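Here are a few short exercises to work through at your own pace. Have your viewer ready and try each task before reading its solution.

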Amino acid sequence: MSITTLGQFIIEKQQDFPYAKGELSRILRDIGIAAKMISAEVNKAGLTQILGEHGSVNVQGEDVKKLDIIGNETFIWALEKGGEICAMASEENDDMIPLQGAYSKNGKYVICIDPLDGSSNIDVNVSIGTIFSVYRRVTEPGTEPTLADVLQKGSEIVAAGYVIYGSSTMLVYSTGKGVNGFTLDPSIGEFCLSHPNIKTPAEGKMYSINEGNAGEFPAGVTEYLKWVKESDKASNRPYSARYIGSMVADFHRNLLKGGVFIYPPTAKAPNGKLRLLFECIPMGYIAIQAGGEATTGKQNILEVEPTEIHQRVPIVMGSKNMVEKVISFGF
Ligand code: AHG
Ligand code: MN
Ligand code: MN
């Protein structure tokens, strides 16, 4: 049989990280378990009419929780059991959370997570995702983790990736040696290697931006948007506009087919909308690992020094030539 499961793949690759002593393998395995549990919940989301809306009590008499909260709690549970992660920064929590598992304090790693990305799309059966990034802690294992452990540059990432809950559920991740994608086979409950060594095309013809905000874009972005609509066979134009409003889904399509994702600064949100730690760094890392680019317009996203957990930054990421084209207009 030619199937490789996520678990098998992680163990095979463990030799790439002799210093990690299997800890990173355990973290990735625990992320895979959490992803499968969230995937099962996402598949039930359409049943809320029957099972009860958020804030209500369902037919079994239990409180119904938002999927964002379920995702967050599932990750905390899986990672506390694992004991390799000492702290988590999540889009769902104002502050960093030190994990409380029996061994968590001795964990050598931290995680940053957006448990449910694109949550406004849950009600309408559109793809959503989970985004994660893992770093080695900077404080001594055994001591209390501090903010400095999670406020690290993307260049320090040990592993990062995302899960997309789409027409199938996929886990895509990198440990700094390329990008691999795994599709969940529901019949055996395993992620199976389906997209080995993903390389993003250098060129594409899809651009993803919320053009509803066009009146608030910087001049360079406005000029770029005029340029993408012009006819020119040699440069694949006009491009196709594709914007789901679920960054993971927009990013995933562009990664495989070639495209650029843009969230510029706007008059209302001068730093853009997307979060540096939970969204831009991990997805930028995947883009770069797949041969693409990711930048705030001023800096490679992996070089940005985070100063606060919920910090936002403008972002352009995806196919190399397309990112460079956006920036050439001024951003
Ligand atoms: P989240 O659901 O985690 O809050 O993230 C939503 C994000 C991202 O997924 C998407 O690309 C973006 O918000 C859409 O924002 P606009 O509606 O402003 O385009
Ligand atoms: Mn998000
Ligand atoms: Mn979210």
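**Exercise 1.** With which side chain does the side chain of R237 make a polar contact?

*Solution.* This is a predicted model, where local features need pLDDT of at least 70, side-chain atom pairs count only at pLDDT 80 or more, and totals for chains, interfaces and linings use all residues. Residues are numbered from 1 along each chain as its sequence is written, chains are lettered from A and ligands numbered from 1 in the order in which they are written, and side-chain values use heavy atoms, leaving out hydrogens and water.

Step 1: find R237 in the loop between α6 (219-229) and β10 (240-241); helices (H or I, at least four residues) and strands (E, at least two) are DSSP runs, numbered from the N terminus.
Step 2: look for the partner, which is the side chain of E230, at 3.0 Å. A polar contact is a pair of N or O atoms within 3.5 Å; within protein, one must be able to donate a hydrogen and the other to accept it, and residues adjacent in sequence count only if both atoms are side-chain atoms.

**Exercise 2.** Identify the protein donors of the manganese ion (ligand 3).

*Solution.* Step 1: collect donors (N, O and S atoms within 2.8 Å of the metal, or 3.2 Å for Na, K and Ca; water is not among the atoms, so sites may look incomplete). They are E91 (OE), D114 (OD) and L116 (O), 2.1 to 2.3 Å from the ion.
Step 2: check for a shared residue. D114 coordinates both this ion and the manganese ion (ligand 2), and the two ions are 3.7 Å apart.
Step 3: place the residues. E91 sits in the loop between β1 (85-90) and β2 (97-98) and D114 in strand β3 (residues 109-117), so the pair ties together parts 23 residues apart in sequence.
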